[in-house]
Structure formats: structure tokens, C-alpha cells
Amino acid sequence: MQLWLRTFLGFLFLSNAFFAFAQDKPDADDPAANYKTALSLINANKGKEGIPYLEKVIKTSSAYTAAAYSLLGGVYDNDHQPEKAIAAYKDGLKAYPQDQSLHYNLGLAYFRGKQYGNAETEAIEAIKLDPKHANSQRMYALVTFHQNKRVNALLGFCSFLLLEPNTQRSAEAFTNMQSILKGGTLKEDGTGILAADDIKERAILNAGLTAITTSAQAKKLIGTALLEYELKAIFTLAGQNADKKIDKTFFDKFYAAYFYKLAQSGNMPAFTKLVANKEMGAGLMEWVKVTERGF
């Protein structure tokens, strides 16, 4: 089964850049001028020439310093130097541990390096800092899918669709969801080994998902009726499993509890329509607006 799992190629981190314009002779002590010169060079596909300017910014403590770490990591990543990219992001996080873009970009570098467990950790940190950052939600879904955490991935894609319901990427997310519901898995080709508790949790949720989809087939449901039945049952499975646990994970609090509330809210028909047709009704929109999510 072919899965539409596109990697995040290109300088996505530039979304957090300030702005760019050419600087022929930047002031050596001016972090703003050095940052903008580096950004101009990056935009002109001369990223490596921008490294000395970014290094000057990093030696300062200014409004541009955290962004300079992100740009530097991105230059190395684009130049196929993943170890230097990861080191740059980590150095940035030592100085700016609450910088959302650094966590996201580090997760992106891990993802490209097939270090899916580390990528999941950084996706979680990025989501905590900005729960409405669609790219972080999408990354969480993809990296958990690559670890065969099918329920985690499914809820991650659902969360992404609430933020970005009508784009090419949302169509790809729906395709991935359909693959998961039809039993699709990905080869575990990444580095790292899941902890025993994670393996047990994955087995429980994956088995539950399989039982739900088998039950749906026996009922001979089709179309949106099938999708609504499966999603509601899976949301309930994840929510009830989380309720039983004393030590709840990020997934339990942020995803499972939230979508369990949705399953009980009466908004499942509207949510199913959103997932399938990319249209968010007023009732669902209001529910999303007033329903809190925990970490």
C-alpha cells in the first residue's frame, strides 16, 4: 500500500524569520544587520556564505539570536550535514529552552535522520509551546506512524485537520488516516528502541484499533457512516485506556482525553464531515473554541 508520507523538505523554519533585505556592508557588531545579511544569502541559495554572519549573531544576546540558531541549523541540514544541524539546534535550546521553532526544527532534523523517538519528543515540546502550530501536529502524527503507534498517529492527523482542514496536506493526512484504518503500517526502519511501557501501550491500542475496524466491516458500514463509527470507537478506546492510568502521558492528556470528549459531545457527525469533506460546521467550531486541552 502506497502511503503519502512526504517529508518536510526545504527551509520550513523560515516561517519564523523576521524579514530580509540586502546588506552590502553589515556592521560587524550589529546582530540585526548580520542576521538580515545571512537571511538574504540563504534566500539567494548561498546559505553557506551566511554562516559567518549567523555565528556573529549567535555570539550576541539579541532579539535575533534564537532565530539565528534556527537558520544555522537549517543551513547545515540543507547542506546534508545532519550532525551539525542537530548540534546547532541543541546549542540554541541550551540558551533558549522555550523557543518553539528550535524544538520543531530539531524534531524535523531527527525525523529526516529517522530518529523517530527523538523526533516525537521534540514534536511534543513544540506542541506544548504552541498547540495551534499545524506543522508540529503533523510531525507528531508522522513520527508516531513511523513507530507503528497507529492510534497516536490517527489522533495526531485528526488534530492537524482541526487546524488545517482544506489544503493539499490535509488531503494527504486523510489518505494516511485511511491507510491506518485499513491496517496500513510502516516498516520500522528508524533508530532507537521503544521502552517496555510504550511497546505494551502500542500493542493494546493497535489491537483495539484492529478490533474496531473488523467490527465496522461486519456491520457492512460504508462512507461517512463507516468513518464516524470507526473514529468514535477509536476515540473512546484511547480515552478509556488513558482514564485507567495513574501516570498519564502527553498523548493521554492532550490527544486521548480531548478526542474522548469529542466522541461524547454529539459533534462526531460534524467532525467526520470535516475529516472527509474539509468543512468545519459552526457547532464543531464552537466546541473546539471552548474545549480545553491539557498537557
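**Exercise 1. In this predicted model, find out which helix gives the most to the lining of the largest pocket.**

Solution, step by step:
- Start with the candidates: helix H6 (116-129), helix H10 (196-218) and helix H12 (250-263) each supply at least two lining residues.
- Now pick the main contributor: H10 gives the most, with 7 residues.
- Put that beside the whole lining, which is made of 18 residues. Nearest the centre of the pocket lie Asp 197, Asp 198, Glu 201, Lys 245 and Thr 249.
- Sort the lining by class, and you get 6 nonpolar, 3 polar and 9 charged residues.
- Finish with the volume of this pocket, about 410 Å³.

**Exercise 2. Work out how the span of helix H3 compares with the expected one, and whether its residues are mostly buried or exposed.**

Solution, step by step:
- Locate H3 at residues 65-78, a run of 14 residues.
- Compare the spans: from first C-alpha to last, H3 reaches 20 Å, close to the 20 Å expected at 1.5 Å a residue.
- Recall the cut-off: a residue is buried when its relative accessible area is under 20%.
- Apply the cut-off: 13 of the 14 residues of H3 are buried, so the rest of the structure largely encloses this helix.
- Look just past the end of H3, where His 80 takes a positive phi of about 60 degrees.

**Exercise 3. Decide whether Ser 159 is buried or exposed, and name the residues it touches.**

Solution, step by step:
- Find Ser 159 in helix H8, which covers residues 150-163.
- Check its relative accessible area of 1% against the cut-off of under 20%: Ser 159 is therefore buried.
- List its contacts, leaving out residues up to four places away in sequence: Gln 137, Phe 254, Tyr 255, Phe 259 and Arg 293.

**Exercise 4. Describe how the rings of Tyr 258 and Phe 259 are arranged.**

Solution, step by step:
- Begin with the total: the structure holds 16 aromatic pairs.
- Take the numbers for Tyr 258 and Phe 259: 5.3 Å centre to centre, with 85 degrees between the planes.
- Use the cut-off: planes over 60 degrees apart count as edge-to-face, and this pair is edge-to-face.
- Add the surroundings: Tyr 258 is buried, and Phe 259 is buried too.
- For a bigger group, see the aromatic cluster formed by Tyr 140, Phe 250, Phe 251, Phe 254, Tyr 255 and Phe 295.

**Exercise 5. Sum up the chain: how many helices and strands does it have, and what share of its residues is buried?**

Solution, step by step:
- Count the elements: there are 14 helices and 0 strands.
- Of the 295 residues, 49% count as buried.
- Among contacts between residues at least 6 apart in sequence, 63% join residues at least 24 apart.

Key
Residues numbered from 1 in each chain as written. Predicted model: local features only at pLDDT ≥ 70, side-chain atom pairs only at ≥ 80, totals over all residues. Heavy atoms only, no water. 1 Å grid on protein atoms, 1.4 Å probe; cavity = no way out; pocket = protein on both sides within 12 Å on 5 of 7 lines; lining within 4 Å. Points joined across faces, edges and corners; volume = space filled by probe spheres on them. Helix = DSSP H or I, 4+ residues; strand = E, 2+ residues; numbered from the N terminus. Nonpolar A, V, L, I, M, F, W, Y, C, P; charged D, E, K, R; others polar. Expected span 1.5 Å × (residues − 1). Buried < 20%, exposed > 50% of the residue type's maximum accessible area, 1.4 Å probe, protein only. Contact = heavy atoms within 4.5 Å. Phe/Tyr/Trp six-rings, centres within 6.5 Å; stacked < 30°, edge-to-face > 60°.
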